[in-house]
Structures are given as C-alpha cells and as structure tokens.
Amino acid sequence: MSKLDEQKKLLVEYFQQGCKPEGKLTLGLEVEHFVTHAGGEPVTFTEVQSVLRQMQQPYDTPVLIDGEYMGYTTQWYGISLEPACQVEVSIVPQSSVLKIMDIYNQFYLQLSMTLAARGLRVWTVSYHPTCRAEELPLIPKQRYEAMDRYFKNTGACGIQMMRATASTQLSVDYFSERDFVQKMRAACLLTPFFALLSDNAVRYQAHRNNAYSVRTRVWQDVDSDRCGVPPHLMDPDFGFESYAQTILTRPLIVALRGSRTKAVGRKTAQEIYGSHLQQKEVEHLLSMFFFDARLKTYVEIRGADCMPPKYIAAYAQLVKTIFGSQAALQNVLRHYEGVNTGDIANAKMAVCKDGYNAWVYGRPIGKELAWLLLQARSRTPSQEERALLEPLAKLVVTKKTIREEESEND
C-alpha cells in the first residue's frame with residue numbers, strides 16, 4: 001500500500017469515527033466578532049488579550065499558541081482570536097437552538113460589558129465596520145502569517161478575507177457516510193440562499209456598502225484549491241475517500257510539527273507527513289481547507305455572515321430543522337437534482353450581483369427562499385421554535401437584507 005493510500009485509509013477511519021448514533025441532531029455554533037474602540041479605531045492584540053484574560057474565570061482553561069495567549073475554553077464554549085483580532089466564540093454542540101442562544105447571549109453580554117468598561121465595542125457585521133483591510137495588522141500567529149503570504153499569490157482577496165471578514169458557522173452531525181454525502185451536498189446547494197439571508201456587510205473598505213453578499217464575493221477570490229465547492233461533490237462516488245484525496249493532495253500552506261506550525265507553501269500533506277498521521281495533525285490538516293461546507297467529525301456549514309443575535313437564532317433554527325429532518329433533506333436534494341458544482345458557483349455570483357432579483361438554479365431566488373422556509377416551518381412543531389424563524393421570514397417577504405433592515409433601524 002502506498003503512503004497516500006495509508007494516509008487516505010487513516011482519514012477515512014477518522015471520518016467514520018465521527019459518525020454519530022442515529023438520533024436527534026445536535027448543532028454547534030461559531031460566530032466571529034469585530035472589536036474596535038468606541039470611536040472606531042482598531043483594537044490591538046494586547047488590548048484584546050487583556051479583555052479575554054479579564055473574562056476568563058479561574059476554572060476555565062487558557063489556550064496558548066506559539067507561546068501567546070489566544071483565548072480560553074469553558075464548559076459550554078471556547079473563545080479564540082482570528083487573524084486581525086476578531087473574537088470567535090465556538091459553542092459546544094446542543095440539541096436545542098434555544099439552549100445555544102442562551103449560551104451565546106450570556107457570552108455576548110459578558111463580552112459587551114467587559115469591552116464597554118474599557119471604551120471598546122463589539123460589532124455583529126460581516127465586514128470590518130471602520131477600516132480598510134490593509135490597515136489591520138495580523139496577530140502574532142505563525143499560521144496566519146504564512147497564510148497571508150501564500151494568499152497574495154492565489155487570489156486578489158486574501159488580505160480582505162483574513163483581516164476584514166466575520167462569519168457565522170454551524171456544525172451538524174452526520175450518522176453515516178451516506179448521510180454525510182447528502183448533508184454536504186445540501187449545504188453547498190443552499191449556500192447561495194444562506195449568503196443572501198445573512199447578508200450583513202454594512203460597510204466595505206471603510207465606505208458605506210450597497211453591494212450584496214460582499215463576504216461571499218471575497219471568498220470567491222482567495223484560493224481555488226481550498227475554497228468554494230468541494231471537488232467531485234456531485235460525482236456518484238463522492239464520499240469520505242474522495243474528500244480525503246482532495247485534502248491530502250492539495251497545497252497545505254502550513255504544517256503542524258508537534259505543537260509548532262511551519263510554513264510549507266505548496267507542499268502537500270502527502271509529501272510532508274508519513275503514513276501514520278497523528279490526530280492533531282489530522283485536525284490541523286482538515287482546518288486548512290475552507291470549502292463552503294467542510295468535513296471534520298461533523299459537517300461545518302460556512303456560508304453565512306456574522307449577524308445580530310436574533311438573525312443567528314433564525315438561521316440556526318432553519319439549518320437545524322432542514323438538516324435534522326430526513327424528509328426535508330431529501331426534498332432539498334430532489335428539488336435541486338441535476339445541479340452541478342459549476343451551477344452552485346454561478347448561483348453565488350448571481351446573488352452577489354443581483355440579491356433578491358437573482359435567478360438561482362433557473363428559478364427566482366425569492367420563490368426558492370419562500371419554499372425553503374416553508375420546509376422548515378412545516379417541520380418545526382414547537383411554536384417557540386417556529387417563532388425563531390420569523391426574522392428571516394420577514395426579510396424574504398420584504399425582499400430586504402439584514403444590512404438594509406438594520407440600516408433603516410439605525
């Protein structure tokens with residue numbers, strides 16, 4: 001057996017171990033936030049480190065990377081720093097969106113109050129609210145420095161993506177390889193809809209923004225090797241092995257060696273590592289690819305902007321219901337049967353160009369969004385959970401983005 005085959009076998013086993021027992025779907029939430037001074041000046045690494053240290057409780061676990069304090073973990077969530085001091089919260093998977101939002105809102109209140117006492121503020125927008133990307137320095141993390149250098153040669157928007165974007169990411173369980181394939185395909189098919197529903201770039205490069213889905217457009221011009229739709233997604237034999245093949249044979253940029261990272265440029269994991277990858281090396285390897293939906297021990301759905309809490313709750317409930325119902329999942333796959341990876345890429349660009357006037361997969365997007373929300377509503381038995389969907393339903397009816405809705409309310 002070749003080294004590549006042994007590495008693939010190991011990754012496939014890792015993915016198989018990620019299969020959860022059939023049952024109630026759990027959902028993990030990650031949200032990135034910008035922090036600035038009250039006047040809009042960017043926060044420094046030292047300032048945001050100090051904020052996180054103040055928030056950390058004695059029973060929480062600090063996180064050190066490259067010898068620097070980068071956040072902490074609690075029983076319910078982890079806090080980490082993204083490339084230009086974005087503060088990310090990663091909530092432990094829960095079976096209830098109401099529980100997720102209870103955890104998120106407690107964190108958000110603590111962050112807001114800690115920042116306010118220091119003359120700082122948190123923003124729930126998807127593009128930096130006051131600065132051009134080029135004005136924002138990176139935090140001292142070797143991984144980010146290597147990625148920053150690399151992306152300058154792979155696309156026009158690496159600097160903007162790393163320094164000036166913020167997202168909402170949801171992770172869903174998969175119960176088998178077949179279930180993973182269905183959820184990965186559905187997540188990518190629905191990414192253009194998620195992009196529009198969450199569209200929340202109020203400003204772009206320090207100017208008021210009127211363009212649709214700026215963050216989505218930025219991601220299209222970063223690095224085609226690791227962004228966009230996973231290769232071979234719609235092939236009949238797509239599965240754990242083909243995903244592993246992609247991950248192992250494309251440029252890695254940064255390798256993990258023990259507890260340290262090392263820039264490796266266009267060398268691949270196949271070239272760098274031996275046959276027996278350590279679990280930490282596998283986790284690092286998977287984290288270096290940023291497809292619209294990516295595989296770890298769950299399916300991570302990455303297409304949404306950072307949003308205010310009520311929209312996060314609505315989006316999480318939409319995803320929880322669609323991906324937690326086999327009937328809804330099958331309806332999505334049947335509804336878009338025959339769509340290929342090129343169609344998905346074209347749909348995202350149509351949304352960036354035309355917003356609610358876009359045609360997606362040959363249909364007007366407004367009608368498709370109404371259909372998607374109907375799928376969710378009809379399978380959400382609890383009135384309290386159905387009510388969570390209302391902010392998104394209102395956007396679809398009024399044909400407004402979060403960006404437009406929030407600007408009108410300012």
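This report walks through some charged pairs, a buried arginine, a hairpin and a few buried residues in a predicted model.

**Salt bridges**

Let's start with charge. The model has 19 salt bridges in total. As background, side chains of opposite charge can pair when their charged atoms come close. Three of the pairs are set out below.

| Pair | Closest N to O distance | Relative accessible area of each partner |
|---|---|---|
| K353 and D354 | 3.4 Å | K353 64%, D354 26% |
| E390 and R377 | 3.6 Å | E390 38%, R377 34% |
| E405 and K394 | 3.1 Å | E405 7%, K394 48% |

Take K353 and D354, whose side chains meet at 3.4 Å. Here K353 is exposed, while D354 is partly exposed.

Next comes the salt bridge between E390 and R377, with N and O atoms 3.6 Å apart. E390 sits in helix α16 (residues 390–398) and R377 in helix α14 (residues 365–377), so this pair ties together parts that lie 13 residues apart in sequence. E390 is partly exposed at 38%, and R377 is partly exposed at 34%.

Helix α16 turns up again in the third pair, where K394 meets E405 at 3.1 Å, N to O. That pair links distant parts of the chain, with K394 in helix α16 and E405 in helix α17 (residues 402–409), eleven residues apart. What about burial in this pair, is E405 buried or exposed? E405 is buried, with a relative accessible area of 7%, whereas K394 is partly exposed at 48%.

Salt bridges also come as a network in this model: R294, K296, E300 and R302 are linked that way.

**A buried arginine with no salt bridge**

Now for a charged residue that goes without. R185 belongs to helix α6, which covers residues 177–197. R185 is buried and has no salt bridge. How far away is the nearest side chain of opposite charge? That side chain belongs to D235, and the distance is 7.0 Å. A salt bridge needs the nitrogen and the carboxyl oxygen within 4 Å, so a gap of 7.0 Å doesn't qualify.

What R185 does have is a backbone partner: a polar atom of its side chain lies 2.8 Å from the backbone oxygen of L233. L233 is also on the contact list of R185, along with M234, D235, F238 and L333, once neighbours within four places in sequence are left aside. So D235 is in contact with R185 even though the two form no salt bridge.

**S198, just past helix α6**

S198 is in the loop between α6 and β8 (203–204). At a relative accessible area of 1%, S198 is buried. Its side chain has two backbone partners to look at. The side chain of S198 reaches the backbone oxygen of F194 at 2.8 Å, and it reaches the backbone nitrogen of D305 at 2.9 Å. D305 also shows up among the residues S198 touches, with G303, A304, M307 and I402 making up the rest of that list, not counting residues up to four places away in sequence.

**K8 and a long-range neighbour**

Over to helix α1 (residues 3–17), which holds K8. K8 is buried, with a relative accessible area of 11%. Which residues does K8 contact beyond four places in sequence? The contacts are E241, A244, Q245 and L248. With E241, the C-alpha atoms are 6.5 Å apart, although the two residues are separated by 233 residues along the chain.

**The β11–β12 hairpin**

Strands β11 (residues 251–257) and β12 (residues 260–268) pair in the antiparallel sense, with six bridges between them. One of the matched positions is A255, whose bridge partner in β12 is K262. Two residues lie between the strands of this hairpin, and G258 takes a positive phi near 65°.

**Cysteines**

Finally, the sulfurs. How many disulfides does the structure hold? Zero. C131 and C157 show why for their own part. The closest cysteine sulfur to that of C131 is in C85, 12 Å away, which is too far for a bond. For C157, the closest is in C227 at 11 Å, again too far for a bond. C131 is buried at 6% relative accessibility, and C157 is buried at 8%.

Conventions. Residues numbered from 1 in each chain as written. Predicted model: local features only at pLDDT ≥ 70, side-chain atom pairs only at ≥ 80, totals over all residues. Heavy atoms only, no water. Pairing = 2+ DSSP bridges. Helix = DSSP H or I, 4+ residues; strand = E, 2+ residues; numbered from the N terminus. Buried < 20%, exposed > 50% of the residue type's maximum accessible area, 1.4 Å probe, protein only. Lys, Arg positive; Asp, Glu negative; His and termini not counted. Polar contact = N/O pair within 3.5 Å; in protein donor to acceptor, adjacent residues only side chain to side chain. Contact = heavy atoms within 4.5 Å. Disulfide = S-S within 2.5 Å.
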